[in-house]
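Here are my notes on the model you sent round. They are meant to be read with the structure open.

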Amino acid sequence: MTPEQLAIELADPVLRRVFSAAALGAATSSEILSVSGLGAPQAAPAIGRLVRSGLLVQGRGSLALEDDALAAAAQSAARRVAEETAADQPDPQLRGHIRGGIVVNVPEQDAAARRAVLGHVARSTFAVGDDYDERTVTDRLQPWCEGGVLDAVSLRRALVDDGILARESGRYRLAAAVACAG
């Protein structure tokens, strides 16, 4: 079962109630009726559909969730997320930190990861040897922050505090060590 098939099946409120009853331990049709609050005319077709889809298995007078189908759907979804993440951010050092050109996480405990994320932002945003005024720096950092964890001013402050942007007399420039690393 694919994650999409699982979502489609469980989008139906009657199927979802039957599935939930089975997940809570209801093992017979009568227990499913009792736990779900559904009548037999609603529950019976839903049980049949869940059995046909592979989400429920039917034994001698009992029903149970098909854990293997759920596990397979979860593994499929996890693989897809990992592939999409890798495609969106090919650099493994930046995965989970920069998504779609947005800073979604700035590592606090891992100094090397923090420096990699902030260094990437700086090298992608500023030219080596150019000076920028504060407003320009903030404006250039804004796209990295749309819906992210920092605003542009906080990102600018982090870049300065971590020595990635040098500030002197109200002017900013890419620090020499960061410029060489790119």
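1. A polar contact here is a pair of N or O atoms within 3.5 Å, one able to donate a hydrogen and the other to accept it. The start of α5 offers a case: a side-chain oxygen of Glu66 comes to within 3.2 Å of the backbone nitrogen of Asp68. Keep in mind throughout that this is a predicted model.

2. Does the length of α5 agree or disagree with its residue count? Helix α5 covers residues 67–88, which is 22 residues. At 1.5 Å a residue the expected span is 32 Å. The end C-alpha atoms lie 31 Å apart, so the two values agree.

3. Which residues of α5 are buried? They are Ala69, Ala73 and Ser76. Their arc around the axis is only 65°, which means that they sit on the same side of α5. The other side of the helix carries Asp67, Asp68 and Gln75, and these are exposed. As for the partner, the buried residues of α5 pack against α1, residues 3–11.

4. Asp67 deserves its own entry. This residue belongs to helix α5. Its relative accessible area is 52%; the cut-off for exposed is over 50%, so Asp67 counts as exposed. Eleven residues away along the chain is Leu56, and the C-alpha atoms of Asp67 and Leu56 are 8.7 Å apart.

5. Next, His97. Where does His97 lie? It is in the loop between α5 and β3, the latter being residues 98–99. The relative accessible area of His97 is 13%. Buried means under 20%, so His97 is buried.

6. The surroundings of His97 can be listed. Leaving out residues up to four places away in sequence, His97 touches Ile102, Val103, Val104, Asn105, Pro107 and Val117. With Asn105 there is also a polar contact of 3.0 Å between the two side chains.

7. Now the sheet. What is the order of its three strands? The order is β5-β7-β6; the sheet is open and the pairing is antiparallel. The edges are β5 (132–133) and β6 (165–168), each of which pairs on one side only.

8. How many bridges join β5 to β7? There are two, and the strands run antiparallel. Strand β7 spans residues 171–174. Within it, Arg171 stands opposite Asp133. Arg171 is also the bridge partner of Glu168.

9. The pairing of β6 with β7 is antiparallel too, over four bridges. These two strands make a hairpin, with two residues between them. In the turn, Ser169 has a positive phi of about 55°. Please look at that residue in the model.

10. Which side chains of β7 are buried? Tyr172 and Leu174 are, and they point to one face. Arg171 and Arg173 point to the other face and are not buried. The side chains thus alternate along the strand.

11. Last, the helix on the sheet. Helix α8, residues 152–161, lies across β6 and β7. Its direction is at about 90° to β6.

How values were computed:
Residues are numbered from 1 along each chain as its sequence is written. This is a predicted model: local features need pLDDT of at least 70, side-chain atom pairs count only at pLDDT 80 or more; totals for chains, interfaces and linings use all residues. Side-chain values use heavy atoms; hydrogens and water are left out. The expected span of a helix is 1.5 Å times one less than its number of residues. Buried means under 20% relative accessible area, exposed over 50%, partly exposed in between (1.4 Å probe, protein chains only). The arc is that of the directions from the helix axis to the C-beta atoms. Contact means heavy atoms within 4.5 Å. Two strands pair if DSSP finds at least two bridges between them. Axes are lines fitted to C-alpha atoms, for helices over the stretch in contact, and angles run from 0 to 180 degrees between N-to-C directions.
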